[in-house]
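Here are some exercises to work through with the model open beside you. Try each task before reading its solution.

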Amino acid sequence: MTTPARRGTRIAHIGVAVRALDDILPLYRDVLGLPTAPLDDADGARITGLAAGDSLVELLEPVASDSPIAKFVDQRGPGLHHVCFHVDDIEGTLARARAAGITLIDEVPRVGAEGKRIAFLHPKSTGGVLIELSEY
Ligand code: ZN
């Protein structure tokens with residue numbers, strides 16, 4: 001495996017919690033014209049990706065009633081769930097977040113969808129935004 005070029009932090013995807021994918025997909029696909037990109041299910045959610053330039057919109061529909069997305073939709077209704085940033089060095093970013101007093105949901109990176117290493121920062125310490133980090 002070759003080492004990917006360092007590209008700097010950028011938005012990888014925006015996660016949107018939905019009640020029913022089939023109801024909201026036409027807005028993104030047909031009205032906004034975003035091409036769909038197949039993605040694996042993850043964390044008890046069925047996921048449809050839509051390409052918006054170099055970034056994705058991920059529509060997250062809960063399939064398990066005890067999944068994080070199901071709890072989010074139950075408590076707050078559908079809507080913006082998280083923003084994911086690609087970073088060049090996820091350990092370094094986590095170390096800077098820890099040093100800055102940010103609450104880490106994942107103390108060490110875990111393997112998420114598509115085999116990428118990911119970690120989440122708690123929204124209570126990020127101004128209300130659930131931030132996901134993903135390494136190339
Ligand atoms: Zn995500």
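Helices (H or I, at least four residues) and strands (E, at least two) are DSSP runs, numbered from the N terminus. This is a predicted model, in which local features need pLDDT of at least 70 and side-chain atom pairs count only at pLDDT 80 or more, while totals for chains, interfaces and linings use all residues. Residues are numbered from 1 along each chain as its sequence is written, and side-chain values use heavy atoms, with hydrogens and water left out.

**Exercise 1. The sheet**

Task: work out in which order the 8 strands form the open sheet, and which strands are at its edges.

Solution. Start with the rule for pairing: two strands pair if DSSP finds at least two bridges between them. Strands of a sheet pair through backbone hydrogen bonds, either parallel or antiparallel.

- Step 1. Take strand β1 (residues 10-17), which pairs with β5 (residues 79-87) in the antiparallel sense over 7 bridges. Here Ala17 stands opposite Gly79.
- Step 2. On to β4 (residues 55-62), which pairs with β1 in the parallel sense over 5 bridges. In this pairing, Leu56 is the bridge partner of His13, and Leu59 that of Val16.
- Step 3. From β5, move to β8 (residues 131-135): these two pair in the parallel sense over 5 bridges. Val87 stands opposite Glu135 in β8.
- Step 4. β7 (117-121) runs antiparallel to β8, and 4 bridges join them. Leu121 has Ile131 as its bridge partner.
- Step 5. Read off the full order, β2-β3-β4-β1-β5-β8-β7-β6, with mixed pairing. The edge strands are β2 (36-38) and β6 (110-111), each pairing on one side only.

**Exercise 2. Helices on the sheet**

Task: find which strands helices α2 and α3 touch or lie across.

Solution. Contact means heavy atoms within 4.5 Å. Axes are lines fitted to C-alpha atoms, for helices over the stretch in contact, and angles run from 0 to 180 degrees between N-to-C directions.

- Step 1. Helix α2 (residues 68-76) lies across β1, β3 (45-52), β4 and β5, and runs at about 140 degrees to β5.
- Step 2. Helix α3 (residues 90-99) packs on the sheet and touches β5, β7 and β8, its direction making about 15 degrees with that of β7.

**Exercise 3. The zinc site**

Task: name the protein donors of the zinc ion, then say whether His82 is buried or exposed.

Solution. Donors are N, O and S atoms within 2.8 Å of the metal (3.2 Å for Na, K and Ca); water is not among the atoms, so sites may look incomplete. Buried means under 20% relative accessible area, exposed over 50%, and partly exposed in between (1.4 Å probe, protein chains only).

- Step 1. Look for atoms around the ion: His13 (NE2), His82 (NE2) and Glu132 (OE) lie 2.0 to 2.1 Å from it.
- Step 2. Along the chain, the donors follow the spacing H-x68-H-x49-E. His82 lies in β5 and Glu132 in β8, so this pair ties together parts that are 50 residues apart in sequence.
- Step 3. Check accessibility: His82 counts as buried at 6%, and Glu132 counts as buried at 7%.
- Step 4. Look around Glu132: 5 of the 5 residues of β8 are buried, so the strand is largely enclosed by the rest of the structure. Ile131, Leu133 and Glu135 are on one side, with Glu132 and Ser134 on the other.

**Exercise 4. The largest pocket**

Task: find which residues lie nearest the centre of the largest pocket.

Solution. On a 1 Å grid over the protein atoms alone, a pocket is an open set of points with protein on both sides within 12 Å along at least five of seven lines, and lining residues have an atom within 4 Å of a point. Grid points are joined across faces, edges and corners, and a volume is the space filled by probe spheres set on the points.

- Step 1. The space in this pocket is about 960 Å³.
- Step 2. Of its 42 lining residues, Leu60, His81, His82, Phe120 and Glu132 lie nearest the centre.
- Step 3. At least two lining residues come from each of β1, β3, β4, α2, β5, β6, β7 and β8.

Note on methods:
1 Å grid on protein atoms, 1.4 Å probe; cavity = no way out; pocket = protein on both sides within 12 Å on 5 of 7 lines; lining within 4 Å.
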